[in-house]
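Student: Could you take me through one part of this model in close detail, moving outward from a pair of neighbouring strands to whatever surrounds them? I would like a connected account rather than a list.

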Amino acid sequence: MVPIEYRVVGEEDYALAISIDSHGEYVVESGSYTSEPPRKGQLGEAQEQGLIEAIKALGLPRAHPLPEGVTAFEAQLTVGGPGEEAHYVFWEGALEEDEKLRTLIRLLELL
């Protein structure tokens with residue numbers, strides 16, 4: 001599996017962090033003013049294949065900077081292992097405009 005790190009920081013202490021390692025083991029940390037304990041698991045074969053296909057389809061995503069005056073819901077996506085990773089920073093509102101990026105992020109959020 002291709003390692004993935006996805007993080008979003010929102011408003012009112014909202015945060016989401018999803019990590020998948022090279023063995024397909026994942027950790028999902030989410031919370032707001034009432035945090036929840038991290039969820040851990042192992043990707044199934046279909047989940048892993050769906051993520052790999054979404055990564056291939058994404059390629060190099062186009063820039064999606066935060067709109068002027070917006071400070072929340074900046075997302076960071078890192079795909080690949082150490083030394084081979086691609087790092088993307090984008091405004092989460094861009095998911096409405098970029099179907100390929102949205103597909104990958106929604107698969108991650110289903111974990």
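**Strand 5 and its surroundings**

Tutor: In this predicted model, strand 5 and strand 6 (residues 86-91) run antiparallel and are joined by six bridges. Within that pairing, threonine 78 stands opposite histidine 87 of strand 6. The hairpin formed by strand 5 and strand 6 has six residues between the strands, and glycine 80 in this hairpin takes a positive phi near 115°.

Strand 5 (residues 74-79) also pairs with strand 1 (residues 4-9), again in an antiparallel sense and through six bridges. Here isoleucine 4 has valine 79 of strand 5 as its bridge partner. As background to reading such strands, side chains in a regular strand alternate between the two faces of the sheet.

From the strands one can pass to the nonpolar interior. The largest nonpolar core has 25 residues, and Tyr6, Ile20, Leu77, Phe90, Leu104, Ile105 and Leu108 are those with the most contacts inside it. At least two residues of this core come from each of strand 1, strand 2 (15-20), strand 3 (25-31), helix 1 (45-58), strand 5, strand 6 and helix 2. A useful point from which to view it is isoleucine 105, which, once its neighbours within four places in sequence are left aside, is in contact with Tyr6, Leu77, Phe90 and Leu95.

The charged side chains give a second view of these elements. Side chains of opposite charge can pair when their charged atoms come close. With a cut-off of 4 Å between a side-chain nitrogen of Lys or Arg and a carboxyl oxygen of Asp or Glu, the count comes to two salt bridges. One of them links the side chains of arginine 7 and glutamate 5, at 3.4 Å from N to O; arginine 7 is partly exposed, with a relative accessible area of 40%, and glutamate 5 is likewise partly exposed, with a value of 32%.

The other joins the side chains of arginine 106 and glutamate 109, with an N to O distance of 2.6 Å. These two residues lie three residues apart in helix 2 (residues 99-109), so they are separated by about one helical turn. Arginine 106 is partly exposed, with a relative accessible area of 34%, and glutamate 109 is partly exposed too, at 31%.

Terms used: Residues numbered from 1 in each chain as written. Predicted model: local features only at pLDDT ≥ 70, side-chain atom pairs only at ≥ 80, totals over all residues. Heavy atoms only, no water. Buried < 20%, exposed > 50% of the residue type's maximum accessible area, 1.4 Å probe, protein only. Helix = DSSP H or I, 4+ residues; strand = E, 2+ residues; numbered from the N terminus. Pairing = 2+ DSSP bridges. Core = buried A, V, L, I, M, F, W, Y, C linked by side-chain atoms within 4.5 Å. Contact = heavy atoms within 4.5 Å.
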